[in-house]
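Hello,

Here is the structure we talked about handing over. Please open it first and keep it beside you while you read my notes below.

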Amino acid sequence: MDILRQNAALQFEEELENLKKQDTGAVPTGWQMSPLSVVTYLMGGTLKNKFEVTPKYIGNRRLMEIAVATLTTDRALLLYGIPGTGKSWVSEHLTAAITGDPSLLIQGTAGTGEEAIRYGWNYAKLLAEGPTEGALVETPMMRGMKQGKIVRIEELTRISADVQDTLITILSEKIMPIPELSAEVQAVKGFNVIATANNRDKGVNDLSSALKRRFNTVILPVPNTPEEEINIVQTRVASQMKALELPAELPGLEEIKRVVQIFRELRNGVTEDGRTKLKTPSSTVSTAEAISVVNSGLSLAAHFGNGKLSAHDMASGLVGAIVKDPVQDTVVWNEYLETVVKTRENWKDIYRACKEITF
């Protein structure tokens, strides 16, 4: 069976094995490689045996060093930033490199209950036997504590405050009480938690001050330079094209540059040359959405075009990514098209293509 998307530990298995073989650093208890090798896995590099490790995070190396150093202590890690800055991506790759198992995941939503974090019950067994160990349903958190592995929590701020606070004892005391059995689960060395939260869409609840104190926070910023963002988009698009087996040509650098420039200008509220101030849309116009725009365009080119990405293929993705509010964002987008895109000599094709599908 073909897997649409393998987890990071399987997808980059060869890199992880080479890193472990070449590792000469001190390996913390419960880890499969040294902190320095984890950072090399994230940032990329050439090993002593000339094996090339591809970069998973393109940005400030110090941020990754801080994140990895945090996980060597008893402090949990909170990756914070606007949507599309790679929080989930970094979380998965950190876990894949450290424990080799990024599957212990709790997805935070408004409906996430206490039983999703601590433990649940098999109610048929509970009614038949009463509260017994056999009737207990383990959560990823409980398995992570027992096995000494890292547990990931996505969108922590979407979980209600009272459920969030069930983490306090787990993070501070490293135990999970089970009062129904007069027992407790004690965390094995290697256990820790990586949570993600975004500061643009605050979700359902902010974190309590008590819970914030249990985390070290690393803020993942948007890419600093156009070159950095272009590199990210190029790398991720090439990877996803291979995984999806799209019968299209890799997009040219100029097409990716245009998408990135549009996103950066609308995100920053000013043109690249600093001469024209712009209104910003309600959408985040993040790097992740830029990747999605290019991938969508490639799919159109592959299945309904000549296999080569064109402005016409990208236009629908651009409009869909930017115009989230049909009233406010349409005004912002049309103004940008008329005052910026239309005036650029080599952008006539993208201007016409976007105007065709913009209401």
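**What was found**

Met 176 has Val 185 in β9 as its bridge partner. That pairing belongs to a hairpin, and please keep in mind throughout that the model is predicted. The two strands of the hairpin, β8 (residues 175-178) and β9 (residues 183-186), run antiparallel and are joined by four bridges. Four residues lie between the strands, and among them Ser 182 has a positive phi near 50°. Ser 182 is a residue other than glycine, and its place is in the loop between β8 and β9. Is Ser 182 buried or exposed? Its relative accessibility is 71%, so Ser 182 counts as exposed.

Lys 50 can be read alongside it. Lys 50 is not a glycine either, and its phi is positive, about 75°. You will find Lys 50 in the loop between β1 and β2. With a relative accessibility of 68%, Lys 50 counts as exposed.

**The chain as a whole**

The chain has 359 residues, and 49% of them count as buried. It contains 17 helices and eleven strands. Measured out along its principal axes, the C-alpha trace spans about 75 × 50 × 40 Å. The chain exposes about 17,300 Å², of which carbon and sulfur atoms supply 51%. If you take the contacts between residues at least 6 apart in sequence, 71% of them join residues at least 24 apart.

**The five-stranded sheet**

Five strands form an open sheet with parallel pairing, in the order β4-β7-β10-β3-β11. Which strands stand at the edges? They are β4 (105-107) and β11 (215-219); each has a single partner strand, so one side of each is left without a neighbour in the sheet. On average, neighbouring strands of this sheet are turned by 20° against each other, direction ignored.

At the β4 edge, three bridges pair β4 with strand β7 (residues 150-154) in the parallel sense. Gln 107 stands opposite Glu 154 in β7. Helix α8 (residues 140-147) packs on the sheet, where it touches β4, β7 and β10 (192-198). The direction of α8 makes about 155° with that of β7.

**Helix α3 and its cover**

Helix α3 (residues 35-43) has nine residues, and seven of them are buried, so the helix is largely enclosed by the rest of the structure. The buried ones are Ser 37, Val 38, Val 39, Thr 40, Tyr 41, Leu 42 and Met 43. What covers them? The cover includes the helices α1 (8-11), α2 (13-22), α4 (61-71) and α5 (87-98), together with the strands β1 (45-46) and β2 (52-53). Just after α3 comes Gly 44, with a positive phi of about 85°.

**Aromatic pairs**

The count of aromatic pairs comes to three. One of them joins Phe 12 and Tyr 41: the ring centres are 6.3 Å apart and the planes are at 85°, so the pair is edge-to-face. Phe 12 lies in the loop between α1 and α2, while Tyr 41 is in helix α3, so the pair ties together parts that are 29 residues apart in sequence. Phe 12 and Tyr 41 are both buried. Tyr 119 and Trp 121 make another edge-to-face pair, with 5.9 Å from centre to centre and 90° between the planes. Tyr 119 and Trp 121 are both buried as well.

**Nonpolar cores**

The largest nonpolar core has 42 residues. Those with the most contacts inside it are Ile 262, Phe 263, Leu 318, Trp 333, Tyr 336 and Ile 350. The elements that give two or more residues to this core are α12 (226-244), α13 (253-268), α14 (287-304), α15 (311-322), α16 (328-341) and α17 (348-357). Which of them gives the most? It is α15, with seven residues. Leaving aside residues up to four places away in sequence, Leu 318 touches Val 259, Ile 262, Phe 263, Val 293, Trp 333, Ile 350 and Cys 354.

Another core, of 32 residues, lies apart from this one. Its members include Ala 9, Trp 31, Val 38 and Leu 42. Val 38 and Leu 42 are also on the list of buried residues of α3.

Regards

Notes: Residues numbered from 1 in each chain as written. Predicted model: local features only at pLDDT ≥ 70, side-chain atom pairs only at ≥ 80, totals over all residues. Heavy atoms only, no water. Pairing = 2+ DSSP bridges. Axes fitted to C-alpha atoms, helices over the stretch in contact; angles between N-to-C directions. Contact = heavy atoms within 4.5 Å. Buried < 20%, exposed > 50% of the residue type's maximum accessible area, 1.4 Å probe, protein only. Core = buried A, V, L, I, M, F, W, Y, C linked by side-chain atoms within 4.5 Å. Areas by Shrake-Rupley, 256 points an atom, 1.4 Å probe, with all protein chains shown as cover. Phe/Tyr/Trp six-rings, centres within 6.5 Å; stacked < 30°, edge-to-face > 60°.
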